[in-house]
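Biologist: Thanks for sending this one over. Could you show me the model first, so that I can point to the part I would like to go through slowly?

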Amino acid sequence: MGPLLVLLSATCFGAMAVFGKLAYDEGVSPQSLVLMRFVMAAALLIALTAARSIRAGERPLPGTLDGRRARLVITGLALGGVGYAAQATFFFSALGRLDAALVALVLYTYPVLVTLAAVLLGRDHLTLGKVVALVAATLGTLFVLVGAGATGFDGTGVALAFGAALVYTVYILVSDSAVRQVPPMALTTLVMTGAAATLTVRAVVVGDTDLDLTAGGWFWVACIAVVSTVVAASTFFAGLRRTGPSTASILSTFEPVATAALAAIMLEELLTPVQLFGGGLVLASVVLVQLRRRTPREAVLAAVVPPDRSRVVAR
């Protein structure tokens with residue numbers, strides 16, 4: 001289920017660009033969209049988490065000591081209040097200087113950064129299949145984004161986009177550690193609450209947010225909050241918990257493919273042959289990252305231990 005959850009997350013995140021474009025057509029400003037995205041998502045997640053905990057008769061962070069529980073809460077809030085907020089700031093600042101495709105192209109250096117960092121930190125190890133999948137995913141993303149067309153170059157803009165990639169790399173690595181101690185839904189709630197709090201303070205201080213939206217504007221903002229934030233983030237954390245940081249980052253390169261496909265369906269933006277080829281490479285990387293050669297020990301265990309126990313023993 002891990003890879004499927006990450007792919008679902010990438011599809012939901014990929015839909016955000018389409019929903020955002022439709023929201024902009026309704027007169028929604030970027031500042032209003034970002035603020036309401038996280039405020040609505042946080043409110044929904046707090047309600048869902050509370051209801052689920054009350055029904056189950058347990059705390060949102062079960063089985064932890066008070067001190068450790070407090071640290072996990074602070075980590076989750078910081079992931080949103082610092083990580084998400086910083087990544088969004090870098091990304092949208094770069095978007096003001098560069099073409100969207102070029103910003104996305106620089107941002108999608110993060111799978112390479114995550115994989116290298118995970119290996120250096122001893123959290124993961126490289127295999128031939130994973131290296132080939134990473135190369136295929138990177139090249140596929142390159143073809144998908146270049147096929148969309150990118151013009152103009154600005155050194156500061158590129159630096160900002162790369163800053164977004166670095167922040168997202170740290171975000172994934174920290175999330176990988178936190179999600180092993182906190183249920184995905186609870187962690188998502190903390191992250192979105194932290195992001196909502198930071199962006200609310202920013203909106204109050206700067207005062208550039210207009211919430212006088214049309215019905216259509218509220219609808220597309222709600223789609224971003226529910227589909228591209230709540231569902232996308234919670235399924236990503238659930239998938240990350242099962243696959244690890246490098247595999248999750250490689251599978252996340254499906255996001256621009258999903259964006260291109262949804263734009264073709266909903267906005268009637270035709271896919272170019274270059275984009276189709278790039279999408280094929282990304283899909284190939286999804287298959288490659290699942291290929292894993294058994295070790296002799298695992299082969300013996302599979303032969304002598306029932307399937308429902310072999311996985312536990314092998315670990």
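Biologist: Among contacts in the protein between residues at least 6 apart in sequence, what percentage join residues at least 24 apart? With that as background, please take a close look at Ser228 in helix H9, and then tell me how other places in the chain are put together.

Modeller: Happy to. Please keep in mind that this is a predicted model. To take your number first, 86% of the contacts between residues at least 6 apart in sequence join residues at least 24 apart. The protein has 14 helices and zero strands, so the pattern along the sequence is α from beginning to end. Of its 315 residues, 45% count as buried. The accessible surface comes to about 15500 Å², and 68% of that belongs to carbon and sulfur atoms.

Now to your residue. Ser228 sits in helix H9, which covers residues 215-243. Its relative accessible area is 0%, and the cut-off for buried is under 20%, so Ser228 counts as buried. Setting aside neighbours within four places in sequence, Ser228 is in contact with Cys12, Phe13, Ala15, Met16, Phe19, Arg37 and Cys223. Arg37 falls within helix H2, residues 30-56, while Cys223 is a position of H9. There is a polar detail here too: a polar atom of the Ser228 side chain lies 3.3 Å from the backbone nitrogen of Met16. Met16 therefore appears twice in the picture, once in the list of residues touching Ser228 and once as the backbone partner of its side chain, with 3.3 Å falling inside the 3.5 Å limit for a polar contact.

Helix H9 also has a part on the surface. Leu8, Leu44, Leu48, Val226 and Val231 make a nonpolar surface patch of about 350 Å². The elements giving two or more residues to that patch are H2 and H9. Take Leu44, a residue of H2: with a relative accessible area of 32%, Leu44 is partly exposed. Since membership of a patch asks for over 30% relative accessible area, the 32% of Leu44 satisfies that condition. H9 thus holds the buried Ser228 and also gives residues to a nonpolar surface patch.

H2 leads us on to helix H8, by way of Thr189. Thr189 is found in H8, residues 184-206, and is buried because its relative accessible area is 9%, under the 20% cut-off. Apart from neighbours within four places in sequence, Thr189 is in contact with Leu45, Ile46 and Thr49, and those three numbers fall inside H2. With Thr49 the meeting is polar: the two side chains make a polar contact at 2.8 Å. As for the helix itself, H8 has 23 residues and reaches 33 Å from first to last C-alpha, close to the 33 Å expected at 1.5 Å a residue. After H8 comes Gly207, whose phi is positive, near 70 degrees.

Ser249 gives a link between H10 and H5. Ser249 is found in helix H10, residues 245-251, and counts as buried at 0% relative accessibility. Not counting residues up to four places away in sequence, Ser249 touches Tyr110, Pro111, Val114 and Thr115, and these numbers fall within helix H5, 110-120. The C-alpha atoms of Ser249 and Val112 are separated by 8.2 Å, although the two are 137 residues apart along the chain.

If we leave H5 and move on along the chain, we reach Arg123, in the loop between H5 and helix H6 (128-148). Arg123 is partly exposed, with a relative accessible area of 38%. Its contacts, leaving aside neighbours within four places in sequence, are Ala118, Leu173, Asp176 and Ser177. Leu173, Asp176 and Ser177 carry numbers inside helix H7, residues 155-178. Arg123 and Asp176 are 53 residues apart in sequence, with 9.6 Å from C-alpha to C-alpha. Gly155 is also placed in H7; it is partly exposed at 45%, and its C-alpha is 9.9 Å from that of Ala94, 61 residues apart in sequence.

Last, helix H11 runs over residues 254-266, and its end C-alpha atoms are 18 Å apart, which agrees with the 18 Å that its 13 residues should span. Among the buried residues of H11 are Phe254, Pro256, Val257 and Ala258.

Terms used
Residues are numbered from 1 along each chain as its sequence is written. This is a predicted model: local features need pLDDT of at least 70, side-chain atom pairs count only at pLDDT 80 or more; totals for chains, interfaces and linings use all residues. Side-chain values use heavy atoms; hydrogens and water are left out. Patches are made of residues with over 30% relative accessible area and no salt bridge: like charges are joined within 9 Å, nonpolar side chains (Val, Leu, Ile, Met, Phe, Trp, Tyr) within 5 Å. Accessible areas come from the Shrake-Rupley method with a 1.4 Å probe; for residues, only the protein chains shown count as cover. A salt bridge is a side-chain nitrogen of Lys or Arg within 4 Å of a carboxyl oxygen of Asp or Glu. Helices (H or I, at least four residues) and strands (E, at least two) are DSSP runs, numbered from the N terminus. Buried means under 20% relative accessible area, exposed over 50%, partly exposed in between (1.4 Å probe, protein chains only). A polar contact is a pair of N or O atoms within 3.5 Å; within protein, one must be able to donate a hydrogen and the other to accept it, and residues adjacent in sequence count only if both atoms are side-chain atoms. Contact means heavy atoms within 4.5 Å. The expected span of a helix is 1.5 Å times one less than its number of residues.
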